[in-house]
Amino acid sequence: MSTKKVSIGTKPTSKPAPAAADAWVESRSNGDEPEAMKRLTIDVPASLHRAIKAQCAMRGTKIADEVRELLLQKYGNT
């Protein structure tokens, strides 16, 4: 039986990130940041969930995006 050598990368350090990375993160903010999101959890019947999921799969969309759009149509973008 032969043994296989596996090399493991270097051990993580607590060194701070390079200054260039910090500058990049700070420069990403351009004042047009989207509004913060809040999670909304609802219960729906399993049959409704299946129907929504199937339709979204056929359209290539996400359930969250479709539900968000319906809520915006009903309540507007205030």
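The legends below accompany several close-up views of a predicted model.

**View 1. The overall chain, a predicted model with three helices and zero strands.**
Read from one end of the sequence to the other, the protein chain follows the pattern α-α-α, and the helices named in these legends include α1 (19-27) and α2 (46-59), together with α3 (residues 63-75). Of the 78 residues in the protein chain, 1% count as buried. The accessible surface of the protein chain amounts to about 8200 Å², and carbon and sulfur atoms account for 57% of that surface.

**View 2. The largest pocket, with a space of about 900 Å³.**
This pocket is lined by 22 residues, and those closest to its centre are Lys 38, Leu 40, Ala 64, Arg 68 and Leu 71. Helix α3 provides the largest share of the lining, seven residues, while α2 and α3 each contribute at least two residues to it. By residue class, the lining of the largest pocket divides into 14 nonpolar, four polar and four charged residues.

**View 3. A nonpolar surface patch of about 660 Å².**
The patch is made by Leu 40, Ile 42, Val 44, Leu 48, Val 67, Leu 71 and Tyr 75, and helix α3 gives the most to it, with three residues. Val 44, one of the residues of the patch, is found in the loop between α1 (19-27) and α2 (46-59). Val 44 counts as partly exposed because its relative accessibility is 37%, a value that lies between the limits of 20% for buried and 50% for exposed. Leu 40 and Leu 71, which are among the residues of this patch, are also among the lining residues closest to the centre of the largest pocket.

**View 4. The salt bridge between Asp 65 and Arg 68.**
The side chains of these two residues meet with a distance of 2.8 Å from N to O. Asp 65 and Arg 68 are three residues apart in helix α3, so about one helical turn separates them. Asp 65 is partly exposed, with a relative accessible area of 40%, and Arg 68 likewise counts as partly exposed, at 35% relative accessibility. Arg 68 also appears in the view of the largest pocket, as one of the lining residues closest to its centre.

**View 5. The salt bridge between Arg 59 and Glu 66.**
In this pair the closest N and O atoms are 2.9 Å apart. Arg 59 belongs to helix α2 (46-59), whereas Glu 66 belongs to helix α3 (residues 63-75). Arg 59 is partly exposed, with a relative accessible area of 46%, and Glu 66 is partly exposed as well, with a relative accessible area of 23%. A search of the whole structure finds two salt bridges, and they are the contact between Arg 59 and Glu 66 shown here and the contact between Asp 65 and Arg 68 shown in the preceding view.

How values were computed. Residues are numbered from 1 along each chain as its sequence is written. This is a predicted model: local features need pLDDT of at least 70, side-chain atom pairs count only at pLDDT 80 or more; totals for chains, interfaces and linings use all residues. Side-chain values use heavy atoms; hydrogens and water are left out. Patches are made of residues with over 30% relative accessible area and no salt bridge: like charges are joined within 9 Å, nonpolar side chains (Val, Leu, Ile, Met, Phe, Trp, Tyr) within 5 Å. Accessible areas come from the Shrake-Rupley method with a 1.4 Å probe; for residues, only the protein chains shown count as cover. A salt bridge is a side-chain nitrogen of Lys or Arg within 4 Å of a carboxyl oxygen of Asp or Glu. Helices (H or I, at least four residues) and strands (E, at least two) are DSSP runs, numbered from the N terminus. Buried means under 20% relative accessible area, exposed over 50%, partly exposed in between (1.4 Å probe, protein chains only). On a 1 Å grid over the protein atoms alone, a cavity is a set of points where a 1.4 Å probe fits but cannot get out, and a pocket is an open set with protein on both sides within 12 Å along at least five of seven lines; lining residues have an atom within 4 Å of a point. Grid points are joined across faces, edges and corners, and a volume is the space filled by probe spheres set on the points. Ala, Val, Leu, Ile, Met, Phe, Trp, Tyr, Cys and Pro count as nonpolar, Asp, Glu, Lys and Arg as charged, and the others, Gly among them, as polar.
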